[in-house]
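Colleague: Could you take me through this structure feature by feature, giving the general idea before the particular case?

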Amino acid sequence: MARHILLCSWTGYVSVFLFLSAIMNSVSAVTHYSVPEEMDEGSVVANLATDLGLDVKSLSKRKMRVDVVGNKKYLDIKKDTGELFILERIDREFLCPLKTTSYCVLKLDATIENPIRMFNIEVEILDINDNAPHFRRGTMHLDISESSPIGERFSLNNAADPDVGTNSVKNYHLSSSEHFSIEIQTGRDGTKFADLILKKALDREQQAVHNLILTAVDGGVPTRTGTASIIVRVLDVNDNAPSFDKDKYVVDVMENSPIGSLVIKLNATDLDEGSNSDVVYSYSLYTSERTQNMFNLNPENGEIRVKEMINYEDLKFYEMEVIASDKGSNSLSGQCKLTIQVTDMNDNHPEISIKSFQSPVKENTPTDTVIAVISVSDKDSGDNGVVDLHIPHHMPFKLRESSDNYYQLVVSQPLDREKVPEYDITFTVTDRGSPPLSDNETMTLELLDVNDNVPQFPQSFYTIRVMENNAPGALLSSLTAFDPDLHENQYLVYFILEKEIANTSMSMLFSINPENGNLYALKTFDYEIEKEFLFHIEARDSGSPPLSSNVTVHIIIVDQNDNAPVIVSPWRAHGSVVEEKIPRSTDKGSLVAKVIALDTDSVHNSRITYQFLQVTDATLFSLDQYNGEIRTMRMFSYRDPRHQRLVVVAKDNGDPALSATVTIKLSTVETAVKAYSDMTEVPLEYDIFSDLNLYLVIGLGSVSFLLLITILVTIVLKCQKPKPSKAAPPSRNSVISERNSTVADSTLVSNDAYWYSLFLAETRKGKLVVRQPVPKGSRYIVSSIPRGTGLTETSDSAASTLQYPK
């Protein structure tokens, strides 16, 4: 892109030089033009016809043409205008590869006929800066000795640039370096090259390699550059002598050391490399012959080893001088002095004696109690005869020196048999010789147990789920406690802490094995009567005095689907067939009958749905699966049978599900029989309810009176002693045994996703209040009566009259 911009700039100021001879008709006349290289194809050089004085209109007839002399045809002439133009892009470096100057000419012959004339044309191709300098090798390697003198020159490869004149290489630059610089030289042909000059002495030990960058810059506008890497490797000379870590060494050697034992390994280093750094060790002339016979020096690695048996009584120390020499052509050396001191050998072991040792001891033994007495001795003299007594760390004991070489072992921390039942105490006696000698003896201290741990249950609270209808004597759970003590302190006995529920003792309901804590049920539980039990179990050890702990047990009775639904409406006096009469003119959507079933299981198992088991005409009646309402889907026609038989099944939500069925025989009559849909806020009346209603009124009055008295007494007690009282949980549905099954009353209440219909019913198990789910949006009207009728123990339920909208 830069080249294209440069060439376009050249076309604006093309210099055309026209050299015409005085005689225009002469063939020797030469026309000269100058154009820059890399001009675009089609660019006009000059109007040749005008410059040659030719008529442009006659060029085609006279067949004017241009022929290239000895070169490729780069230019041509437009015969209609007489303009000389670029036929193909010209690269000066390609056209004149051997030209070392900027003069590069393209020669042409222009010929016309009628009459024939020939013109000589020269087109000079001017150079532009379209090439950057480049080095023939991108990386130059130089090996320079560290002994080279300052000012020494080293030739570098010059950079080449195909361009000429000012566009060729004009200068060189070297990256920053404290050791090197460059000097620019000019050859006879004007070529520029650089010499590398050493301006500071090299030291291989400080820097072995120098990395430099040489940059060549041409003289074009804009300038172009090229770079090359210079890697200077500094060659080593033997200018460093070997040196030891220390000038003088002092080592100790034990007498009677084995032959071949290492005394010391001398290490001399040489900063040079190669053979200049290889070190050889030897004794100097100042080392006695006796010393050389006693110790062997390895010339390769500097190891000094015992050569003969050393006797402290013969000689107590040896002195020697060791020389380290390198292997350079001009060998350099260093030396050190070594003194070997012979140490007396500690050849007598110390002795230990246990004078008394008390075992076993109780785990509650007080601290500072003496457990054992120990004496120590050593036959050596000096430090070799001085001894120290030790016991292992992290033990609850310590040694106390009572007199010379006598020690007492005392309790330093409280003991706990449950953590560590016994201790292996190792008494170690060591002298202060070099190397030290030692002896040891191990005694076992056993701890006796005391009853200091209470029984512990894995959990502080147990929740046990028991399925109702369990077999008496069934295992409920194993409540096992743990006591880390031993023997009688560990033997546990389990008890149920007595607690009465409804005048019934826990021991009448549950039994626990006193030896292993297995909990059993003594009776069969009924979820509909008993929901849960809460009591405590105690675990007591047999220690003296005994220790105990207790845990809370929560028994939850899990419901089974063991009660089938009971159909309480419509009433069936005998059997399971109900006969009803409805007028034949009953409208579509009228309520024909309502099936109500009760289930005393839990909420999940007692959710009841209704569906037809049999129906005479499926297009005539519909059954709501949630509330059991049977309504007409259309009006009766004369084709419909007079008698309709409907079999409805009520199915609970248990697994497996239980069900009950009722058969309803409907007879259509022409007379106006009052249908369910005409009832408006009139209680359901059945003869069988008459006695029950009387009892309800009496019970309602009695309970209302008692409720009023209770409220007054509560207010008085609250005013006298205002203490927060725990809210009593809602009591369960009570069951009173009766033989009949009668729907007494109902009311609708709301609870989240369902509407529940509460019914007071008498079943074979007794009277109870239940709730029946019905869909929201039902057309019932809630007509409530005050609570406390005395018919049920359910706190939130109240008897009411089931009503229908007008």
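Modeller: What follows is a conversation about the chain as a whole, then its surface patches, and then its backbone. Please keep in mind throughout that this is a predicted model.

Colleague: How many helices and strands does the protein chain have, and what share of its residues is buried?

Modeller: A count of secondary structure elements is a reasonable place to begin. Here the protein chain comes to 7 helices and 54 strands, and buried residues make up 41% of its 806 residues. Its accessible surface is about 44,300 Å², with 51% of that belonging to carbon and sulfur atoms. Among contacts with a separation of 6 or more, 65% are between residues 24 or more positions apart.

Colleague: Turning to the surface, which residues form the nonpolar patch?

Modeller: A patch is read as a group of accessible residues, and a nonpolar one is made of side chains joined within 5 Å. In this model the patch consists of Phe 705, Leu 706, Leu 708, Ile 709, Leu 712, Val 713 and Leu 717, which together have about 680 Å² of accessible area. Leu 717, one of these residues, is placed in helix α7, residues 690-720, and it counts as exposed because its relative accessibility is 51%, where the cut-off for exposed is over 50%.

Colleague: And which residues form the negative patch?

Modeller: For charged patches, Asp and Glu count as negative. The patch here is formed by Glu 313, Asp 314, Asp 344 and Asp 347. Glu 313 sits in the loop between β23 (303-306) and β24 (317-326), and with a relative accessible area of 53% it is exposed.

Colleague: On the backbone, where are cis peptide bonds found, and what is omega there?

Modeller: Omega is the angle to read for a peptide bond, and two cases can be described here. The bond from Ser 359 to Pro 360 is cis, with omega near 0°, and Pro 360 belongs to the loop between β26 (351-357) and β27 (361-362). A cis peptide bond also joins Ser 544 and Pro 545, with omega about -5°, and Pro 545 lies in the loop between β41 (532-541) and β42 (548-558).

Colleague: What is phi at Asn 405 and at Asn 469, and are these residues buried or partly exposed?

Modeller: Here one reads the sign of phi together with the residue type. Asn 405, although not a glycine, has a positive phi of about 60°; this residue is in the loop between β30 (397-403) and β31 (406-411) and is partly exposed, at a relative accessible area of 36%. Asn 469 has a positive phi near 65°, is found in the loop between β34 (461-467) and β35 (475-478), and counts as partly exposed at 38% relative accessibility.

Technical notes:
Residues are numbered from 1 along each chain as its sequence is written. This is a predicted model: local features need pLDDT of at least 70, side-chain atom pairs count only at pLDDT 80 or more; totals for chains, interfaces and linings use all residues. Side-chain values use heavy atoms; hydrogens and water are left out. Patches are made of residues with over 30% relative accessible area and no salt bridge: like charges are joined within 9 Å, nonpolar side chains (Val, Leu, Ile, Met, Phe, Trp, Tyr) within 5 Å. Accessible areas come from the Shrake-Rupley method with a 1.4 Å probe; for residues, only the protein chains shown count as cover. A salt bridge is a side-chain nitrogen of Lys or Arg within 4 Å of a carboxyl oxygen of Asp or Glu. The place of a charge is taken as NZ of Lys, CZ of Arg, CG of Asp or CD of Glu. Helices (H or I, at least four residues) and strands (E, at least two) are DSSP runs, numbered from the N terminus. Buried means under 20% relative accessible area, exposed over 50%, partly exposed in between (1.4 Å probe, protein chains only). Contact means heavy atoms within 4.5 Å.
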